[in-house]
Amino acid sequence: MAVAVLLVLGISMVMFTIPAGKADDGLKQTIMSVYFHDHSSGSPDSTARAVVGFPGKLWNLTQFGTLFVSDDPVTEGPDPESAPVGRGQGIFVTTSLDGVNTHVSLSIVFTNEAYIGSTIQSLSFIPANRTK
Ligand SMILES: *[C@@H]1O[C@H](CO)[C@@H](O)[C@H](O)[C@H]1NC(C)=O
């Protein structure tokens, strides 16, 4: 699985490219690219929000122990107005004491006609260079 991550503070977009199976193993191969639109500004239309953190600390992506929940639109193209394919639902927890790494557990819940009822589970992390 090749995963390319592009994350910009405020509004973020993540692209997954998923090659699956080999031509000669009898399995069907599906290659798909989808785009996550993660709005974490804290405004009422945010799709990712901090829900718990240490008392007395800011609950943000660089603070160890901050837990976010997301329900992001997932679309066919990079444009947020492109065809929706599902939702990116899961949790983000900043798990390094220095605040540079965030653990991510996400379900891609498909809602489009081609894949409705299917999900892809992703366990990964957002690395230190996420804002570059
Ligand atoms: C996150 O909060 C901590 C304090 O809890 C602060 O030191 C840090 O600068 C904040 N980071 C951002 C990006 O606001």
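The side chains of Thr-75 and His-37 are joined by a polar contact of 2.7 Å, where a polar contact is a pair of N or O atoms within 3.5 Å; within protein, one atom must be able to donate a hydrogen and the other to accept it, and residues adjacent in sequence count only if both atoms are side-chain atoms. The model is predicted, with local features needing pLDDT of at least 70 and side-chain atom pairs counting only at pLDDT 80 or more, while totals for chains, interfaces and linings use all residues. Residues are numbered from 1 along each chain as its sequence is written, and side-chain values use heavy atoms, with hydrogens and water left out.

Thr-75 belongs to strand S5. With a relative accessibility of 2%, Thr-75 counts as buried; the term buried applies under 20% relative accessible area, exposed applies over 50%, and partly exposed covers the range in between (1.4 Å probe, protein chains only).

The wider architecture can be stated briefly. The protein chain contains zero helices and eight strands, where helices (H or I, at least four residues) and strands (E, at least two) are DSSP runs numbered from the N terminus. Read from the N terminus on, the elements follow the order β-β-β-β-β-β-β-β. The protein chain has 132 residues, of which 32% count as buried.

Strand S5 also contributes to a salt bridge. One salt bridge is counted, the criterion being a side-chain nitrogen of Lys or Arg within 4 Å of a carboxyl oxygen of Asp or Glu. Its partners are Arg-87 and Asp-71, whose side chains meet at 2.9 Å, N to O. This pair links distant parts of the chain, since Arg-87 lies in strand S6 (residues 84–94) and Asp-71 in strand S5, 16 residues apart. Both partners are partly exposed: Arg-87 has a relative accessibility of 29%, and Asp-71 has a relative accessible area of 32%.

Strand S6 residue Arg-87 also takes part in a pairing over a longer stretch of sequence. The C-alpha atoms of Arg-87 and Phe-36 are separated by 8.1 Å, with their positions 51 residues apart along the chain. A further C-alpha pair is that of Tyr-35 and Gly-86, which are 51 residues apart in sequence and 9.8 Å apart in space. Tyr-35 is located in strand S3 (residues 32–39) and, at 15% relative accessibility, counts as buried.

Attention now turns to the aromatic residues. How many aromatic pairs does a search of the whole structure find? The search finds two, under the rule that rings of Phe, Tyr and Trp (its six-membered ring) pair if their centres lie within 6.5 Å, with planes under 30 degrees apart counted as stacked, over 60 as edge-to-face and the rest as tilted. The rings of Phe-54 and Phe-64 have centres 5.9 Å apart and planes at 25 degrees, so this pair is stacked. Both Phe-54 and Phe-64 lie in the loop between strand S4 (48–52) and strand S5 (67–75), so the pair ties together parts that are ten residues apart in sequence. Phe-54 is partly exposed at a relative accessible area of 43%, and Phe-64 is likewise partly exposed, at 28% relative accessibility.

The other pair, Phe-110 and Tyr-115, is tilted, with 5.5 Å from centre to centre and 50 degrees between the planes. Here Phe-110 is buried at 5% relative accessibility, whereas Tyr-115 is partly exposed with a relative accessible area of 32%. Tyr-115 sits in the loop between strand S7 (102–110) and strand S8 (119–126). Its C-alpha atom is separated by 8.1 Å from that of Val-85, although Tyr-115 and Val-85 are 30 residues apart along the chain.

Finally, there is the ligand. Which residues lie around the ligand? They are Lys-57, Leu-58, Asn-60, Thr-62 and Gln-63, a residue being near a molecule or strand if one of its heavy atoms lies within 4 Å of it. By class, this shell comprises one nonpolar, three polar and one charged residues, where Ala, Val, Leu, Ile, Met, Phe, Trp, Tyr, Cys and Pro count as nonpolar, Asp, Glu, Lys and Arg as charged, and the others, Gly among them, as polar.

Oxygen atoms of the ligand are approached by backbone and side-chain atoms. A backbone N or O atom of Leu-58 lies 3.0 Å from a ligand oxygen atom. Polar side-chain atoms of Asn-60 and Gln-63 lie 2.5 Å and 2.7 Å, respectively, from an oxygen atom of the ligand. Taken alone, the ligand exposes 370 Å², of which the protein buries 49%; accessible areas come from the Shrake-Rupley method with a 1.4 Å probe, and for residues only the protein chains shown count as cover.
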